[in-house]
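The following note sets out some points on the model for a colleague at the bench. Please read it alongside the structure.

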Amino acid sequence: MASSRLRTQFFSDVIFNRGIFLSEVQLRRYSSHFVYTADSEKTTSNGTKSKMNMFQAINNALDIILKSDSKAIIFGEDVGFGGVFRCTLDLQKRYGKHRVFNTPLCEQGIIGFGIGAAVAGSTAIAEIQFADYIFPAFDQLVNEAAKYRYRSGNLFDCGKLTIRTPCGAVGHGGLYHSQSPEAYFAHTPGLKVVVPRGPIKAKGLLLGCIRDPDPCLILEPKVLYRAAVEQVPEADFQLPLGKADILIEGTDITLIGWGTQVHVLKEVATVLKDSYKVTAEVIDLVTILPWDVTTICKSVCKTGRVLVAHEAPMTSGFGAEIAATIQENCFLNLHAPVARVTGADTPFPCIFEPFYLPTKWRCLEEALKLLDY
Amino acid sequence: MGLNRSLRFAFNISKSWIQIYKTYSTCPKFPGAKTTFTNQLQFTETSSYAPIPIFRILGPKGELLNSSDEPKLSEEILLKMYKDMTVLNVMDKILYESQRQGRISFYMTSYGEEATHIGSAAALDLDDLVYGQYREAGVLMYRGFTLQQFVDQCYGNIDDKGRGRQMPVHYGSKDLNYVTISSPLGTQLPQAVGSAYALKDTNRVVICYFGEGSASEGDAHAAFNFSATLGCPVIFFCRNNGYAISTPVEEQYRGDGIAGKGPSYGINTLRVDGNDVLAVYEATKLAKDFASKEKKPVLIEALTYRVGDHSTSDDSSSYRPKEEVSDWLNNDYPTKKFRHYLESRGLWNEEHEEQLLAQANKGILAALSNGEKKKKPKWTEMYEDVYKFMPLHIKKQQDAMKDHLKKYGKYYPIDSF
């Protein structure tokens with residue numbers, strides 16, 4: 001990837017606030033398409049909690065794994081010094097270069113290496129620096145990781161492989177630092193794909209993915225690394241894969257999203273309640289594959305109206321799969337067609353990001369159309 | 001004294017200047033630079049280096065070229081090597097024919113490349129992990145995969161460990177540390193490196209087979225570079241058989257072949273006559289000892305010739321002259337060459353040969369007849385092993401198919417499953 005040095009430099013400058021391309025102030029302004037709300041997740045342990053942002057929660061999860069699993073290794077581009085988003089900060093110092101290490105700049109190599117390490121018994125945790133750069137590894141993920149168990153009749157598997165990668169809009173990422181490629185991987189039987197919406201979720205899901213017996217891809221919305229702060233349990237805990245979360249209960253319309261978009265939808269629900277006296281049910285899908293059809297369909301049968309929103313483009317986005325399943329399962333309960341509010345069917349544009357994204361205003365307008373249908 | 005002091009001062013000054021001059025003129029400080037500066041502007045060409053020579057022990061007639069190279073292998077091992085090469089030829093012949101008769105759907109022969117399989121397999125321990133490409137049946141045979149197991153996989157019957165999910169020749173064996181074959185070329189290379197990294201704390205090594213065509217894939221570059229930078233005990237074993245389906249090596253690469261790439265990655269490299277089973281053995285043995293002891297990769301390029309077609313879907317006469325094939329078959333065929341060597345040592349004769357061929361023919365025909373009679377795995381297994389535990393959506397699809405078959409079963413080949 002020719003642009004990789006650029007991207008490392010680019011993002012570490014932003015992160016370290018050296019302000020070569022953009023200052024923190026600009027960063028905030030550009031990424032203000034949502035207001036983050038902390039999680040009130042009740043499922044986690046009662047032990048000590050401390051304030052962590054999402055990269056700290058991920059770092060904490062990785063620390064727990066390295067401490068508790070002597071076979072665990074973490075590798076990828078620039079992970080040695082802490083990673084461009086600081087998720088692996090201090091881990092090499094604590095656990096040694098043999099367990100936390102840089103690889104050459106080569107995504108297909110990282111995933112291929114990770115598969116092999118997992119096949120031979122390592123708990124392999126790979127980082128792809130940006131989801132936008134995962135495509136050289138597409139073959140290794142789709143033809144190899146996903147099919148390992150199946151093609152060998154369960155003789156061999158790479159279930160101990162987990163891939164972490166930052167995704168989604170960040171305010172200034174343009175074409176190649178903003179994409180949400182979940183739908184490509186959702187079309188691949190054998191993989192599991194999850195997207196956290198904040199620090200607690202990121203920690204619990206990451207630990208869940210690492211210990212899951214199948215290869216998992218965890219897409220981390222990069223804008224949340226610093227913007228999202230919560231009281232995160234310090235202890236080891238796991239959150240289940242394949243289970244959606246109902247974040248706000250409601251009876252009039254179901255709003256479905258994942259990652260950053262969940263926060264947009266929560267805002268939409270607030271506007272609907274305050275200004276239109278409508279109660280919306282907001283659901284975080286959490287796991288893209290295999291996804292929680294039951295929770296979604298139960299909600300839609302109750303409300304009769306549903307809007308799915310995601311940052312990725314509309315055509316063949318994961319919203320299409322959800323819409324198809326809903327019409328199949330809830331046909332007679334629907335009072336309006338299933339609506340999708342998504343990124344445009346264009347590449348992800350840099351300066352036009354505010355017009356590209358499924359903003360709360362676009363979501364609100366569509367929700368009102370559904371309610372008036 | 002004053003003069004003496006000033007002289008000494010001047011001397012010291014000039015010494016430090018020399019030091020500085022040396023530092024800046026001959027030892028570049030650029031990160032990673034391991035060279036000197038020059039004022040000569042000239043290309044470094046392929047011909048700037050001598051090509052890596054081909055190590056061999058036997059001549060084309062199976063004669064020992066140098067009496068001091070007599071292999072230190074026991075007679076038992078030498079005979080096992082020869083027998084497996086021969087049985088592999090017989091199995092190939094019969095399974096190729098069985099594809100032509102429509103009994104199995106596909107097959108790939110190993111004609112001409114037996115020595116690369118058997119020579120390398122003999123140099124490894126059973127607990128060394130093998131990543132194959134697809135044309136390394138001999139390695140698996142040497143490790144103890146039975147004729148019945150080969151046939152069962154080709155039929156995809158109830159006893160196929162792969163549960164009938166893959167095309168023929170996609171073998172795999174957990175017991176024999178042979179990772180199940182997949183069709184995409186080169187994907188096994190970085191995986192082998194990852195496994196080698198995981199096994200660094202043991203004495204085990206990983207061997208990874210690939211063709212000269214696969215070496216053009218990005219995965220090959222990834223694997224070479226990762227193995228060198230991360231210090232992985234892996235043996236990259238390239239079977240350079242002259243063709244990637246129809247594409248000859250002249251259209252596959254420039255430079256000094258696959259071996260020529262090794263040193264530029266910082267990988268210790270060997271080039272060997274892949275039609276000389278003893279040379280392949282020695283090269284692989286050296287590679288294993290080095291990889292295991294130093295925790296570093298080795299690249300072996302074994303030069304050979306694909307005497308058979310690429311697969312049963314290929315007719316190589318459309319892209320290469322038949323005389324070229326018969327020349328290799330008649331004048332430098334690995335199994336024949338090795339037989340001559342064994343005969344020269346009095347370890348083999350025509351009578352042994354006839355016995356072995358009869359036994360191999362009988363064995364493979366029996367396996368074929370058994371394999372053909374066996375049922376296929378239950379069709380519901382199609383939905384298993386996608387994940388460790390079957391998720392709801394796959395279970396629903398399985399149930400829907402069950403219901404469908406209740407009504408429409410007569411249109412499906414249910415009886416064979």
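1. A residue is called buried under 20% relative accessible area, exposed over 50% and partly exposed in between, with a 1.4 Å probe and protein chains only. By this criterion, 51% of the 417 residues in chain B are buried.

2. The model is predicted: local features need pLDDT of at least 70, side-chain atom pairs count only at pLDDT 80 or more, and totals for chains, interfaces and linings use all residues. Residues are numbered from 1 along each chain as its sequence is written, chains are lettered from A and ligands numbered from 1 in the order in which they are written, and side-chain values use heavy atoms, without hydrogens or water.

3. Chain B contains 13 helices and eight strands, taken as DSSP runs (helices H or I, at least four residues; strands E, at least two) numbered from the N terminus.

4. An open sheet of six strands in chain B follows the order β2-β1-β3-β4-β8-β7, with parallel pairing. Its edge strands, β2 (178–179) and β7 (268–273) of chain B, each pair on one side only. Pairing requires at least two DSSP bridges between two strands.

5. Within chain B, β3 (residues 206–211) and β4 (residues 234–240) are joined in the parallel sense by six bridges. Here B:Ile207 stands opposite B:Ile235 of β4(B).

6. Helix α7 (residues 218–230) of chain B lies across β3, β4 and β8 (298–303) of chain B and runs at about 150° to β4(B). Contact means heavy atoms within 4.5 Å; axes are lines fitted to C-alpha atoms, for helices over the stretch in contact, and angles run from 0 to 180 degrees between N-to-C directions.
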